[in-house]
Amino acid sequence: EIAESHRQESFIHRFFRRQDSMENQLKLDPIAKLFKEAFWIYINRFWIFTGIILGPILAISLLFLPILFVLKGSAVFIFALIFFILAIAFVLFLAPVSLIYAIKDNAGIFASFHSALSTLLSFYWIGFLASLIILGGFMMGGGPGFIFGVWFGFAAYVLVEEKLKGMKALLRSKEYVRGYWWPVLWRLTAAQLFFVPAQIIFYLLISFLINKEVGSLANNIISILLVPFMIVFTYSLFRNLVALKPELAETSVSGKKGFFIFSAILGVLAL
């Protein structure tokens with residue numbers, strides 16, 4: 001345990017020392033510029049993004065709820081209910097990938113969903129693999145898990161942009177972040193910090209003017225509507241990193257997988 005502790009401290013120390021010592025001549029765009037760019041994309045495509053998030057759910061609900069009402073009490077009601085829940089879950093799983101394609105291709109709702117269908121399994125395999133590695137990192141003391149979370153934050157965008165899957169997408173995301181870990185962390189954190197107080201104030205205001213139930217409902221709706229903005233903001237940050245490292249898109253994926261595989265195994269054991 002002592003040896004593992006020293007090894008872990010060495011890893012974290014080396015990582016942060018390397019980040020602090022890198023003096024990049026090329027800098028990431030300021031947060032204000034990224035916010036402005038994301039805001040205008042979000043406003044100009046608001047109804048497309050909202051349609052991707054809410055449209056299919058409303059359509060499925062309008063189709064199935066009358067059927068469920070008619071079948072209530074019958075032998076097939078439970079099967080219809082399960083099918084309804086699975087349909088909603090599938091749409092919710094598909095929406096984040098569709099949003100990325102809507103931003104990348106400037107596509108409409110149906111075209112975005114069509115593109116997302118071809119990469120859905122790869123998208124969630126990347127998410128599952130990253131989750132295991134990050135969980136394993138937290139099992140090693142917390143620090144590595146936190147580092148991995150920032151490293152792998154753009155893997156889904158790598159999948160869409162460069163068609164890389166699985167561990168290759170994770171390693172490529174890590175390469176884009178390398179040398180910019182602190183600036184990336186600060187920008188992602190700032191985006192979250194901007195919306196959390198706004199949501200709290202909005203919830204308190206609606207709760208005071210009407211009641212807590214309506215306030216909670218309004219807060220949930222606002223949270224859903226802000227999902228596209230966060231994806232647009234993250235995508236803008238990713239494109240900024242790509243512009244700073246254009247050579248990566250033309251090279252094969254490099255990086256050692258052994259440590260991440262070990263971390264993923266720890267993640268499995270933790271589960």
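Which residues touch the most other members of the largest nonpolar core? I would like to begin there, and I should say at once that what we have on the screen is a predicted model. The largest nonpolar core holds 70 residues, and within it I133, L170 and V184 are the ones that touch the most other members. If we ask where this core draws its residues from, the largest share comes from helix α11, spanning residues 212-244, which gives 13 of them.

Let me stay for a moment with L170, since we can list its partners. Setting aside residues up to four places away in sequence, L170 touches I126, L129, A130, I133, F152 and A155. I133, you will remember, is itself named among the residues with the most contacts to other members of the core. There is also a second core, separate from the one just described, which has 8 residues, including F64, F84, I88 and V91.

Next I turn to S122, which sits in helix α6, the helix that runs over residues 120-139. Is S122 buried or exposed? Its relative accessibility is 14%, and because buried means under 20%, S122 counts as buried. Once its neighbours within four places in sequence are left aside, S122 is in contact with L159 and K165. As for distance, S122 and L68 are 54 residues apart along the chain, and their C-alpha atoms are separated by 33 Å.

Now to the largest pocket, which contains about 380 Å³ of space. Its lining is made up of 13 residues, and those that lie nearest the centre are G153, Y157, L188, M230 and T234. Two or more lining residues come from each of the elements α4 (77-105), α8 (155-162), α10 (181-209) and α11, with α11 giving the largest share, 3 residues. Helix α11 is therefore a name to keep in mind from the core as well, where it also gives the largest share. What classes of residue make up the lining of this pocket? By class, there are 9 nonpolar and 4 polar residues in the lining, and no charged ones.

I will finish with E162, a residue of helix α8, one of the elements I mentioned for the pocket lining. The side chain of E162 makes a polar contact with the side chain of R172, at 2.6 Å. Not counting residues up to four places away in sequence, E162 touches R172, Y176 and A249, and with R172 we have a partner that appears both in that list and in the polar contact.

Note on methods
Residues are numbered from 1 along each chain as its sequence is written. This is a predicted model: local features need pLDDT of at least 70, side-chain atom pairs count only at pLDDT 80 or more; totals for chains, interfaces and linings use all residues. Side-chain values use heavy atoms; hydrogens and water are left out. A nonpolar core is a set of buried Ala, Val, Leu, Ile, Met, Phe, Trp, Tyr and Cys residues joined through side-chain atoms within 4.5 Å. Buried means under 20% relative accessible area, exposed over 50%, partly exposed in between (1.4 Å probe, protein chains only). Helices (H or I, at least four residues) and strands (E, at least two) are DSSP runs, numbered from the N terminus. Contact means heavy atoms within 4.5 Å. On a 1 Å grid over the protein atoms alone, a cavity is a set of points where a 1.4 Å probe fits but cannot get out, and a pocket is an open set with protein on both sides within 12 Å along at least five of seven lines; lining residues have an atom within 4 Å of a point. Grid points are joined across faces, edges and corners, and a volume is the space filled by probe spheres set on the points. Ala, Val, Leu, Ile, Met, Phe, Trp, Tyr, Cys and Pro count as nonpolar, Asp, Glu, Lys and Arg as charged, and the others, Gly among them, as polar. A polar contact is a pair of N or O atoms within 3.5 Å; within protein, one must be able to donate a hydrogen and the other to accept it, and residues adjacent in sequence count only if both atoms are side-chain atoms.
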